Amino acid sequence: MSNTDAAAPTTVAAAAPDSGRWWGLVVIALAQLMVVLDATIVTISLPFAQADLGISDSNRQWALTAYTLIFGGLLLLGGRLADYLGRRLMFLIGLAGFAAASALAGLAQNGAELFAGRGLQGAFAALLAPAALSLLTVTFTEPKERARAFGVFAGISAGGAALGLIVGGALTEYASWRWCLLVNTPVAILAAIGALSVIKKDVPVARTGGYDVAGAVTATLGLVSVVYGFTRAAEAGWSAVSTVTLFAAGVVLLGAFVGIERRARNPLLPLRIPGEINRGGSYLAALLLPIAMFAMFLFLSYYFQVTLGYTPLHAGVAFLPFPAGIMVSAAIASQLLPRVGPRPLMLTGTALGTIGLLYLAQLSLGDSYVSGVLPAQLLVALGMGQVFVAMQTTALHDVDARDAGVASALLNAAQQVGGSIGTALLTTVAVQVSDRYVAAHAGADQLIARASIHSYDVAFYWGAGFFALAFVVVAVMITGRPDDLERGPAEESPVEPELQPAAG
């Protein structure tokens, strides 16, 4: 590379920043919040939707599974489409499709229409989520600004799930379960208008070959098989033929995918992305942490509404300290990241999460919210804010801009699969533990309540174990120093000049 060529990226990167990029962050954050909220906002409203539409107990889970299954399965493909067709274009298509799918689901007259709408929401979320994160990566190239932007994005990503329970509770209690879905339509339209106004058009990556169709098919089917396998495990058991078959198919398909990517001229997922140790550690942590998080969200939701008798809104408000703590912690972490690097933040965060869930595992019948739950929520929130800022930065750091979309998709896919594993694994564990407790303590006072809380405690211990495992992964694999953050993707990619946001 000549001296002229070497200077070009720096010149473009210096000219690109403008005041509109912060308004762009607002739009991107709004879209991300909508996607994250949608994963949990339906949870509280589901019993009301089931009764209204006459959905059977055996089929109600599809209101959740249809979204997560399609979302997780199509994320890698969505990320690559963002790279090849343009990040802003995929962002806008994702918003438009998400708005229409949300309206379809919200206006559903039967279960099939609801499930179809939720599936379409997942498909367009798979376009929207990686496009949003990759837009953030190429828009903010200065290390301190990038850390601040990732702090906002991480706070929304981590706290949005809890916020969804609050919003879902309020809408269900004071409006209708339908508004838990319909609310996405005006929000998506507003975000699309904002994107057209403040997010600059990017130039797609120039492809040297065709699309990796074989890779796209095997990756999508493999991820769908794995995610659906964990869903079936919660329903039919881990040893059921359907569960084992889905897991086996997923392993074979994902193994074939790796083989295809090794040979493909234009791979869907270049193996150099997860192959670098820091990025690989971040993706593995992104897989483990949602398992631990679901131990808290899922069982605290039951504890609030079943054991303590909270209304849907009251249960949602009881989660409020979590997103508040996330926002505070993420803001602090974004200031510390350029100074101390990602490793100390991720180690501290996973340690706090472990301690928080161990504290929560001491919950017993008769404990109050203030003494039994609140301290644990705050500990986990303070930890997760640090982890998410550092993890998202490390997972995308030093990635060539031409791969930003698929790298973002891989991070999202890891979190989505982790969440599905957490739901299935911990639900199965809790049910089995509760049954054994009832059998061993027959005749005890308030047996069902005590058995439920015991099962929650065991699930919290499992969650603490996954937090601790993430701590080990970070300690071994995250080696980046503060100075490494100075090397942004804009300064390293040979194709950066054409990938910087361009006017128009």
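**Helix packing and burial in an all-residue view of the predicted chain**

Ser225 is placed in helix H9, which comprises residues 213–236. In this predicted model, the relative accessibility of Ser225 is 11%, and because buried status applies under 20%, Ser225 is counted as buried. When neighbours within four places in sequence are left aside, the residues in contact with Ser225 are Leu246, Ala249, Gly250 and Leu253.

The setting of this residue can be described at the level of the whole chain. The protein chain contains 20 helices and zero strands, and 57% of its 504 residues count as buried. Among the contacts in the protein chain with a separation of 6 or more, 85% are accounted for by residues 24 or more positions apart.

Helix H3, formed by residues 62–85, carries a kink of about 50° that is centred on Leu75. Of the 24 residues of H3, 17 are buried, and the helix is therefore largely enclosed by the rest of the structure. The residue that follows H3 is Gly86, for which phi is positive, with a value near 115°.

Helix H17, which runs over residues 374–396, was examined for agreement between its length in residues and its extent in space. At 1.5 Å a residue, a span of 33 Å should result from its 23 residues, and the end C-alpha atoms of H17 do lie 33 Å apart, so the expected and modelled values agree. H17 is also mostly covered, since 18 of its 23 residues are buried. Just after this helix, a positive phi of about 65° is taken by Asp398.

A further feature concerns the packing of helix H14 (residues 321–340) with helix H15 (residues 342–360), whose axes are 7 Å apart and meet at an angle of about 130°. This angle makes H14 oblique to H15. On the H14 side, the contact is formed by Ala333, Leu336, Leu337 and Val340, while Pro342, Pro344 and Leu345 are the residues met in H15. Classified by residue type, the contact of H14 with H15 holds seven nonpolar residues, with no polar and no charged residues.

Terms used. Residues numbered from 1 in each chain as written. Predicted model: local features only at pLDDT ≥ 70, side-chain atom pairs only at ≥ 80, totals over all residues. Heavy atoms only, no water. Axes fitted to C-alpha atoms, helices over the stretch in contact; angles between N-to-C directions. Helix = DSSP H or I, 4+ residues; strand = E, 2+ residues; numbered from the N terminus. Parallel < 35°, antiparallel > 145°, perpendicular 65-115°, else oblique. Contact = heavy atoms within 4.5 Å. Nonpolar A, V, L, I, M, F, W, Y, C, P; charged D, E, K, R; others polar. Bend = angle between axes of the 7 residues up to and from the residue. Buried < 20%, exposed > 50% of the residue type's maximum accessible area, 1.4 Å probe, protein only. Expected span 1.5 Å × (residues − 1).
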